[in-house]
Amino acid sequence: QTTVLRGTADVNDGVRVVSGKTDATGHGPITYYYVPFQNGTFSLAWKVDKEQKVLFVFDGKSNGKATHALKVYVNGAPTKRSHEDTLTLVTYDGSTREKKKAKLVRHKHHADAGKWHKINVTFKDDQATVVVDRKTITVTSERFRQSIEKCGIGHFSATLQTKNVKIDKRN
């Protein structure tokens, strides 16, 4: 099952085009793919028509409630400050509603607008290996041992195109 929040989507020749803009809460359009898996890989190709950060979200169901396990920001970070040449990974060990505690890992990287880019995120045990345009980063979190319930890709303005979306389960 696929859901779009804060935007509209069309599919032509295998390319999904999502349009929309940021709302009052600072969130832009996001497409969620609901395919639960324990160990596996989420991959796709994407392209934006305007320079901006692109967000990949991986949610589990800690204590029966949807909870972020991993966020990957390409050309940005979760802060208002600009990190346009940065690939940022955010993990959430020890984070609860009462105490928001996230760990950020940053690497230099820039994905140009108007070009196709690839991402592969593989979860195995307590590790997530993220490959963006052949740049590989591995992070660990106890949350990765739980099932990933949904994978999302979001952007903040204009259009985002995606193709070749695959979720390989290795439960």
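**Figure 1. Contribution of β7 to the second largest pocket.** In this predicted model, strand β7 supplies three residues to the lining of the second largest pocket, the most of any element. The volume of this pocket is about 460 Å³. Its lining comprises 23 residues, of which G26, H27, L55, Y73 and F156 are the closest to the pocket centre. Two or more lining residues come from each of the elements β4 (30-33), β6 (54-60) and β7 (67-74). Sorted by class, the lining of the second largest pocket consists of 10 nonpolar, nine polar and four charged residues.

**Figure 2. The largest cavity and its lining.** The structure contains one cavity of 30 Å³ or more. For the largest cavity, the computed volume is about 40 Å³. The residues that line the largest cavity are G60, K61, S62, T67, A69, R143, Q146, S147 and I148. Five of the lining residues are polar, two are nonpolar and two are charged.

**Figure 3. The open sheet of seven strands.** The strands follow the order β2-β3-β14-β5-β10-β11-β12 in an open sheet, and their pairing is antiparallel. Strands β2 (8-12) and β12 stand at the edges; each has a single partner strand, so one side of each is left without a neighbour in the sheet. On average, and with direction ignored, neighbouring strands of this sheet are turned by 20 degrees against each other.

**Figure 4. The hairpin of β11 and β12.** Strand β11 (residues 127-132) pairs with strand β12 (residues 135-140) in the antiparallel sense, over six bridges. Within this pairing, A128 stands opposite V139 in β12. The bridge partner of V132 is K135, also in β12. Two residues lie between the strands of the hairpin, and D133 takes a positive phi near 50 degrees. Strand β12 of this hairpin is also one of the strands at the edges of the open sheet.

**Figure 5. The tilted ring pair F37 and F123.** The count of aromatic pairs in the model comes to seven. In one of them, the ring centres of F37 and F123 are 6.1 Å apart and the ring planes stand at 55 degrees; the pair is therefore tilted, as this angle is not over 60 degrees, the cut-off for edge-to-face. F37 belongs to the loop between β4 and β5 (40-48), whereas F123 belongs to strand β10 (residues 117-124), so the pair ties together parts that are 86 residues apart in sequence. The relative accessible area of F37 is 0%, and this residue is buried. F123 likewise counts as buried, at 0% relative accessibility.

**Figure 6. The edge-to-face ring pair F58 and F123, and the aromatic cluster.** The rings of F58 and F123 have centres 5.4 Å apart and planes at 65 degrees, so this pair is edge-to-face. Because F58 lies in strand β6 and F123 in strand β10, the pair ties together parts that are 65 residues apart in sequence. Both F58 and F123 are buried. Ring pairs link these two residues with Y33, F37, F42 and F144 into a cluster.

Notes:
Residues numbered from 1 in each chain as written. Predicted model: local features only at pLDDT ≥ 70, side-chain atom pairs only at ≥ 80, totals over all residues. Heavy atoms only, no water. Pairing = 2+ DSSP bridges. Helix = DSSP H or I, 4+ residues; strand = E, 2+ residues; numbered from the N terminus. 1 Å grid on protein atoms, 1.4 Å probe; cavity = no way out; pocket = protein on both sides within 12 Å on 5 of 7 lines; lining within 4 Å. Points joined across faces, edges and corners; volume = space filled by probe spheres on them. Nonpolar A, V, L, I, M, F, W, Y, C, P; charged D, E, K, R; others polar. Axes fitted to C-alpha atoms, helices over the stretch in contact; angles between N-to-C directions. Phe/Tyr/Trp six-rings, centres within 6.5 Å; stacked < 30°, edge-to-face > 60°. Buried < 20%, exposed > 50% of the residue type's maximum accessible area, 1.4 Å probe, protein only.
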